[in-house]
Amino acid sequence: MTEEVRRLYRARNERMIGGVCGGIGEYFNIDPTLIRLLFVIGTLFGGPMGPIAYLIFLIVVPEAPGAES
């Protein structure tokens, strides 16, 4: 009964700014473009909550392990 633990990381390959949306998209197995649209909609209709949430994710979520470029 071995369970694979899924972890949320910032993406290294699906990144536009910091890899937050790409990492969330990989974690939930959906297109990162949808996550990016949600952040934009949150910014337009929710005020500063979209950018604040992005900055919090950027600080808290670690970058995906892999070879340094």
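1. The nonpolar patch on the surface draws most on helix α2, which gives six residues to it. The patch is formed by Phe28, Ile30, Leu34, Leu37, Val40, Ile41, Leu44 and Phe45, and together these residues have about 850 Å² of accessible area. Leu34, one of the residues in the patch, lies in helix α2. Please keep in mind, here and in the points below, that this is a predicted model.

2. For the overall plan, the secondary structure of the protein chain comes to three helices and zero strands, and the order of the elements, read from the N terminus, is α-α-α. Taken along the principal axes, the C-alpha atoms of the chain fill a box of roughly 45 × 30 × 20 Å.

3. How do helices α2 and α3 cross? The axes of α2, which covers residues 32-46, and α3, which covers residues 49-60, come within 6 Å and cross at roughly 135 degrees. That crossing makes α2 oblique to α3, because an angle that is neither roughly parallel, roughly antiparallel nor roughly perpendicular counts as oblique. On the side of α2, the residues in contact are Phe39, Gly42, Thr43 and Gly46, and on the side of α3 they meet Met49, Gly50, Pro51, Ala53, Tyr54 and Phe57. Sorted by class, the residues of this contact are six nonpolar, four polar and no charged.

4. The pairing of α1 with α3 has its own geometry, since the axes of these two helices come within 10 Å and cross at roughly 75 degrees. The helices α1 and α3 are therefore roughly perpendicular to each other, as angles of 65 to 115 degrees are counted in that way. Val20, Cys21 and Ile24 of α1 make this contact together with Tyr54, Phe57 and Leu58 of α3. By class, the contact of α1 with α3 has six nonpolar, no polar and no charged residues. Tyr54 and Phe57 of α3 are thus worth finding in the view, for they are listed in the contact with α1 and also in the contact with α2.

5. The structure holds two salt bridges, and one of them joins the side chains of Glu63 and Arg12, with 3.6 Å from N to O. This pair links distant parts of the chain, given that Glu63 is in the segment after α3 while Arg12 is in the segment before α1 (20-28), and the two are 51 residues apart.

6. Where is Arg6 found, and which residues does Arg6 touch? Arg6 is found in the segment before α1, and, leaving aside residues up to four places away in sequence, Arg6 touches Tyr27 and Phe28. Phe28 is also one of the residues that form the nonpolar patch. Arg6 and Ile35, by comparison, are 29 residues apart in sequence and 19 Å apart in space, from C-alpha to C-alpha.

Notes. Residues are numbered from 1 along each chain as its sequence is written. This is a predicted model: local features need pLDDT of at least 70, side-chain atom pairs count only at pLDDT 80 or more; totals for chains, interfaces and linings use all residues. Side-chain values use heavy atoms; hydrogens and water are left out. Axes are lines fitted to C-alpha atoms, for helices over the stretch in contact, and angles run from 0 to 180 degrees between N-to-C directions. Helices (H or I, at least four residues) and strands (E, at least two) are DSSP runs, numbered from the N terminus. Angles under 35 degrees count as roughly parallel, over 145 as roughly antiparallel, 65 to 115 as roughly perpendicular and the rest as oblique. Contact means heavy atoms within 4.5 Å. Ala, Val, Leu, Ile, Met, Phe, Trp, Tyr, Cys and Pro count as nonpolar, Asp, Glu, Lys and Arg as charged, and the others, Gly among them, as polar. Patches are made of residues with over 30% relative accessible area and no salt bridge: like charges are joined within 9 Å, nonpolar side chains (Val, Leu, Ile, Met, Phe, Trp, Tyr) within 5 Å. Accessible areas come from the Shrake-Rupley method with a 1.4 Å probe; for residues, only the protein chains shown count as cover. A salt bridge is a side-chain nitrogen of Lys or Arg within 4 Å of a carboxyl oxygen of Asp or Glu.
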